[in-house]
Amino acid sequence: MFSTLLPAPANRAFAADAAFAQWLAALWPEAQAMGVSRATFDTATRGLEPDLSLPDLVIPGRGEAPPRGQAEFVQTPADYLKESIISRLAAQGAKLRDQYRVALDGIEKRFGVPGPVVLAIWGRETDFGNYKLPHSAIRVLATQAYTGKRKDMFRQEFLLVLKMLEEGQVKPADLRSSWGGAMGLTQFLPSEFYKHAVDFDGDGRRDIWHSVPDALASAAKQLADKGWQPGRRWAYEVRAPQSFDCTQGVPEVVRPIGEWLKAGFVPAYGQRLRADELAETASVLQPEGTYGPAFLAAKNYFVIKEYNFSDLYVLFVGQVSDRIADPQRHFEQPWSQGALMRTADVDAMQKGLTARGLYHDKIDGKAGMLTRAALGAYQKANRLKLDCWPTSAVLEHMRGHPAAALGR
């Protein structure tokens with residue numbers, strides 16, 4: 001009985017409120033319509049209580065400060081892309097490539113995704129299975145569905161995990177997840193399991209929890225389903241010309257790589273690109289504004305980003321995959337050691353940019369591509385140094401020049 005996996009009550013005051021129990025009970029007709037039996041539903045939800053320590057929750061009476069478990073500061077590339085971690089994972093990944101070479105060759109033949117790429121995802125997600133996922137997947141998904149910022153999405157995920165239990169797709173003991181509800185060696189939500197999971201070892205089960213071939217093939221299928229281009233790189237490190245306007249480093253500005261090179265971009269390490277690579281289209285990516293490495297982000301870059309919507313995640317996976325294939329393939333230009341900004345301050349900056357009509361994406365406290373480009377537009381409009389990188393000085397300038405004063 002998998003009810004033994006459910007954690008003990010963590011907040012009895014909240015649990016005493018009948019609202020959560022009523023919400024769970026109201027889910028039964030939807031679960032039943034998906035083929036979940038009453039026994040499975042009752043066993044999964046018996047004694048279930050929300051975990052209020054999770055990030056991304058909307059709880060009455062709690063302010064907007066980052067909840068426990070969520071980063072208080074925005075990670076800079078230098079913080080996230082630590083050489084010690086990348087080199088360790090790349091070295092272990094190279095050994096695993098030899099160990100699973102037959103499976104990896106078969107995966108690439110079937111899905112077009114190179115072995116080092118899926119190995120790098122496995123390494124990033126669960127440290128090649130060494131990282132033990134800390135949460136009850138049922139509790140996480142129920143909590144996020146009940147009081148998270150993306151209730152509708154997680155409501156479906158919660159129902160699907162019940163369906164997985166009903167069908168025997170997952171053993172109760174394996175219902176462990178990240179704070180976002182992702183499970184298995186390569187971190188799949190229940191909906192991703194149903195869309196992309198593969199039985200690659202031929203045992204009749206799509207076992208992303210224990211079977212390395214299944215997990216890696218499932219990751220490859222997800223990338224292929226999202227548009228992976230076989231035989232293409234994920235990105236090209238380049239040196240950007242000083243004349244480049246960093247506000248143009250957005251996905252919407254796309255040119256053939258050959259045109260970027262004619263405009264003054266220089267491939268790192270003097271590498272020469274083939275004619276088909278020069279014809280490939282790409283966007284400019286400057287993860288650290290004008291201070292660190294620059295990249296020409298091709299189609300496969302954005303495919304990996306759909307696996308995890310973070311530029312730093314893609315850079316990490318891309319670099320580890322490159323180093324598995326070639327241990328000498330470091331970033332040519334080092335990352336700077338810029339100061340960290342608080343998540344709340346980047347959040348305030350995004351709100352200020354939104355009020356001025358410069359930013360049109362979600363307010364999430366993360367300095368992504370669109371935030372950096374919008375910040376650069378603000379710097380240009382106010383004749384500040386153009387570097388497309390959030391700093392406390394720019395935020396203070398913004399606070400000293402309210403949007404209303406600029407005619408907005």
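In which helix is Arg323 found? Arg323 is found in helix α16, which spans residues 311-325. The model is predicted. This briefing covers two buried residues, a helix pair and a disulfide: Arg323 counts as buried, Leu119 is buried as well, helices α4 and α10 cross at roughly 120°, and Cys246 is linked to Cys388.

**Arg323**
- Arg323 has a relative accessibility of 5%, and it counts as buried because the cut-off for that class is under 20%.
- Leaving aside neighbours within four places in sequence, the contacts of Arg323 are Glu83, Ile86, Ser87, Ala90, Arg329 and His330.

**Leu119**
- Helix α8, made up of residues 115-126, contains Leu119.
- The relative accessible area of Leu119 is 0%, so this residue is buried.
- With neighbours within four places in sequence left aside, Leu119 is in contact with Gly93, Leu96, Arg97, Leu104, Phe128, Leu216 and Ile324.
- Arg139 is 20 residues from Leu119 along the chain, and the C-alpha atoms of the two are separated by 29 Å.

**Helices α4 and α10**
- Helix α4 covers residues 38-45 and helix α10 covers residues 151-167; their axes come within 10 Å and cross at roughly 120°.
- α4 is therefore oblique to α10.
- The crossing of α4 past α10 is right-handed.
- On the α4 side, the residues that meet α10 are Thr40, Phe41, Ala44 and Thr45. Their counterparts in α10 are Phe158, Leu162, Leu165 and Glu166.
- By class, the residues of this contact comprise 5 nonpolar, 2 polar and 1 charged.

**Disulfide**
- The whole structure holds 1 disulfide.
- This disulfide is formed by Cys246 and Cys388, with their sulfur atoms 2.1 Å apart.
- The link of Cys246 and Cys388 is right-handed, with 80° about the S-S bond.
- The pair joins distant parts of the chain, 142 residues apart. Cys246 sits in the loop between β3 (235-239) and β4 (255-256), while Cys388 sits in the loop between α18 (369-381) and α19 (392-400).
- Cys246 and Cys388 are both buried.

Methods. Residues are numbered from 1 along each chain as its sequence is written. This is a predicted model: local features need pLDDT of at least 70, side-chain atom pairs count only at pLDDT 80 or more; totals for chains, interfaces and linings use all residues. Side-chain values use heavy atoms; hydrogens and water are left out. Axes are lines fitted to C-alpha atoms, for helices over the stretch in contact, and angles run from 0 to 180 degrees between N-to-C directions. Helices (H or I, at least four residues) and strands (E, at least two) are DSSP runs, numbered from the N terminus. Angles under 35 degrees count as roughly parallel, over 145 as roughly antiparallel, 65 to 115 as roughly perpendicular and the rest as oblique. A crossing is left-handed if the near helix is turned anticlockwise from the far one by less than a right angle, and right-handed if clockwise. Contact means heavy atoms within 4.5 Å. Ala, Val, Leu, Ile, Met, Phe, Trp, Tyr, Cys and Pro count as nonpolar, Asp, Glu, Lys and Arg as charged, and the others, Gly among them, as polar. A disulfide is a pair of cysteine sulfur atoms within 2.5 Å. Buried means under 20% relative accessible area, exposed over 50%, partly exposed in between (1.4 Å probe, protein chains only).
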